[in-house]
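Here's a quick briefing on how the parts of this assembly touch one another. Have a look at the model first, then work through the notes.

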Amino acid sequence: MYTETQVIRNNTKVTVDGALDGTGEMVINVGPQHPATHGVLHLVITLNGETIQKIEPHLGYIHRSIEKMSESLSYRQFIYVTSRMDYLSSHINNHACAMTVEKGLQLEVPPRAQVIRVLMDELTRVASHELWWGAMAMDLGAFTPFFYAFREREAISDIMEETCGARLTMNYMVPGGVMADLHPNFQRRVKDFIKLFKAKIHEYDELVTGNIIFQNRMKGVGVLSAEDAVSFGCTGPVARASGVKSDIRKLYPYEIYDKLEFDEVTETAGDSFARYMVRMGEMHQSIRIIEQLIDNIPEGDFQAKTKAVLKLPKGEFYTRVETARGELGVYIVSEGGTTPYRIKYRSPGFSNLSALDHMARGSKLGDLMATMGTLDLVIPDIDR
Amino acid sequence: MFIKEYISDVYKAVKSLLTGMKTTGGYFIRPGEIITQQYPENRDQLNLPERFRGEVVMLHDENNEHACTGCTACELACPNATIKIITKFDVSPEGKKKKALDTFVYHLELCTMCNLCVEACPTGAITMAQNFEHSVFDRSKLTKKLNQPGSKIREGVE
Amino acid sequence: MFSLEGLTNSLQQWLNAHLNPTWVLVVESLIVILLAIALFAVLGLVLVLMERKVAAHMQIRLGPNRVGPQGIFQTSADTLKLIMKEGLTPDGSDKFLFNLAPFIVMIVAMLLLAPIPFARNFQIWDINIGVLFVSAVSSISVIGVLMAGWSSNNKYSLLGAMRSGAQIVSYELSAGLSIISIVVLTGSLRLSEIVASQQDGWWLFKGHIPAIIAFVIFIIAVTAETNRAPFDMAEAESELTAGFHTEYSGMKFALFFLAEYINIFIVCSVGATLFLGGWMPLHIGNWEGFNHIMDYIPSSIWFFGKVFFLIFLIMWFRWTFPRLRIDQLLNLEWKYLLPISMLNLLLITLMAIMGWHF
């Protein structure tokens, strides 16, 4: 409907291009380069004054055909690429892939490796939510929280660097366990981090959660009802903020999650503030899980014995995990060879983004940033 | 009633704003908590963990000997064709031909530091170095030859 | 003791002794123009650096620290960079308005400098309606912003400019009402007389709670009027990329940037003059010794100290709060600030009539 390509340039008369004749509406392009889209998301927004009439997300700016690429990589190799999908929860992506391969190989993962994996997953989740918190505050115009969030995230990055060898794209999970054993400093460093987190988390509430401007910006904005959340396929904090119980860790427990004590954080309002509160609660729950595990890491192997060349039996394998953004599904079709016949990722960001148009219609342009901020979009995750 | 609510609204709003200002103001007057690292100056104090994956290097001992047999396990394990191994045939004094490493070509510009080659190596010939300053002005400098000139395989490594 | 008053007087005498009255006026005007431009340049450099340093320290960073000791030449280097950049005029823009807009904003900021008393008897133009002049002229800058937004032929700019228009028009009211409350207490529109009336104490202290309320409302309103965060709707980086100056580059952008900081300086000096006694030193009751020591500090230092304190306050706001939404911004003005300041004005009028202030 938009007339983006039908603009007639007129040098003698100033025309606001993209204005739709007679309706008082105009079309603006938010992105692919825009401070609030956190990457190369392109939204074509039809505005009436400041009110949003329609949003059309355009994807594909960061499509690297990871799924196609994986078809020519072996079962050990394709895992590293998934770190580049949702780079903020790269551990959990790797975990999902490793689990799928293990499912195909019918491999038992040693208990120590399972605990290490869960610890790393939860640390990643905290790190991801920290970054989301800072970036979301920045979307709303407050710049300072970003730096406070990064201070805590830096501590996690250092822990990751020490044990996994990288800060962002770890590639630490391998089929059968983890690549290397925990670093001797790991437990001490994690305990230090928990101390730091608990000492600083009150600042988050003082600076952002309790702030009256922030609450007014968030409450009642971008409301998503439980029915809509289900029908759009939303998962993760977005669905839980609408009251949909969708935590894969609770519904389909993997590794040792069924033995752990933690709550599934849910809200009922479904607005941006509810999504905010869910993520803040999840950070506390993740810390709770880490506290339960950090002193109880069982001794043993960190990796199961595997063959040098992995071959999955003919068949289809699907696993799902809970990333920081929602449900990540990995679907592998194997023809019995050393490389997958087909790989499909069910990424949480894509489904969550599809609800954006529904959530933002009729709200102001400023509300769009609040809504998008709390959807916690990672664009490479959407495009892959 | 309306007036009372109005006043309490204003009071709560002002209070929440002042709490936020207390936090930022607190940091302003406590410069000791600044977390900035002054990077090029603190190069000497930088302590990178020993597992940090900077680039692939080949280990050489003091006799300029390495442990690479030229088995190409790393080349096969690499997902991006970062490693190219060129082999040659050594002729031993007894006149026996033996496959050996000629050149270990490493394309740093293609490497994603995934550590799969190091994992695959059966003899522990390669490892990850902690160097992270890879910028060069000429792209061709990123294609490296990892085995040092004149180096040969250590005795006893099969 | 150093004082700016002494300098101007000796200069006046020297000029009068050597030139005829017409030339004295011309030379003095030239000196004033040069001084004003120099002040602008220095203020721009200092305030931008100050903002970056304040922001950095609140964000547990160091801020610029590479160019010169502690990074003090960073802003000079930035200015040099901006001068050398190409001033792009986008295709399809209204070229005349596009190039005119930054100068309008800048000239408005320059005009506002005239009635400000910088030190004891050191003022460019002691106009008898100084307060009115300031509030009237400061509203003109919105025209420059609207011009920039409209002529850029960019939808982000247009939205930013329209927001800015709505915002400045409404916040002008409560800023005006707070200014009037001091005018009521003083009984004069002349800025020098307002300062003189605070000889025995600043209005912030003399006027009890109503003056404090007026002061708070004034600070909020001028923050909004200068388009500063949390009221930076016209720029709104995460929504409109850069708002009304999205399309500007090079020196034209620098003029907008500079004007923002000059405007902050102006409104803060008006605030300091009205509520904090301008260049008047701090006197506490009958503490003769203390008051005497305070008198030794030159009046210009008092003035700039107060102004920079207020500027710091406004920077503190910016680096703490999230941005308001446009409708909330107008709600705040029309539902909260305006009724409160009207009531407050009534109270202050009552106080002035009954003589309840000190």
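The notes below go through the chain contacts, the domains of chain A and a helix pair in chain C.

Keep in mind that this is a predicted model. Chain A meets chain B through 21 residues from each of the two chains, and chain A meets chain C through 30 of its own residues and 26 from chain C. Inside chain A there's a split into two domains, and in chain C we'll stop at the packing of α2(C) on α3(C).

**Chain A with chain B**

- The contact draws on 21 residues of chain A and 21 residues of chain B.
- On the chain A side, the elements giving two or more residues are α5 (144–164) and α6 (186–209).
- α5(A) has the largest share of that side, at 5 residues.
- Sorted by class, the chain A side facing chain B comes out as 7 nonpolar, 8 polar and 6 charged residues.

**Chain A with chain C**

- Here chain A puts in 30 residues and chain C puts in 26.
- Five stretches of chain A each bring at least two residues to this side: β2 (25–30), α4 (111–139), α5, α7 (212–218) and α14 (365–375).
- By class, the chain A side that touches chain C has 16 nonpolar, 7 polar and 7 charged residues.
- Look out for α5 of chain A, which turns up on the side touching chain B and again on the side touching chain C.

**The two domains of chain A**

- Domain 1 covers 4–58, while domain 2 is made of two segments, 107–307 and 355–383.
- Their C-alpha centres sit 34 Å apart.
- Across the boundary, 13 residues of domain 1 of chain A are in contact with 15 residues of domain 2 of chain A.
- Strand β4 (residues 51–58) of chain A is the top contributor on the domain 1 side, giving 6 residues.
- That domain 1 side breaks down into 7 nonpolar, 4 polar and 2 charged residues.

**A helix pair in chain C**

- Helix α2 (residues 21–58) of chain C packs against helix α3 (residues 74–84) of chain C at an angle of about 115°, and their axes are 8 Å apart.
- The α2(C)–α3(C) crossing is right-handed.
- Which residues meet here? From α2(C) they are Leu45(C), Val48(C) and Leu49(C), and from α3(C) they are Gln74(C), Thr75(C) and Ser76(C).
- By class, that's 3 nonpolar and 3 polar residues, with no charged ones in the contact.

Definitions and conventions
Residues numbered from 1 in each chain as written. Chains lettered and ligands numbered in written order. Predicted model: local features only at pLDDT ≥ 70, side-chain atom pairs only at ≥ 80, totals over all residues. Contact = placed C-beta atoms within 7 Å. Helix = DSSP H or I, 4+ residues; strand = E, 2+ residues; numbered from the N terminus. Nonpolar A, V, L, I, M, F, W, Y, C, P; charged D, E, K, R; others polar. Domains from an automatic or database assignment. Axes fitted to C-alpha atoms, helices over the stretch in contact; angles between N-to-C directions. Left-handed = near helix turned anticlockwise from the far one by under 90°.
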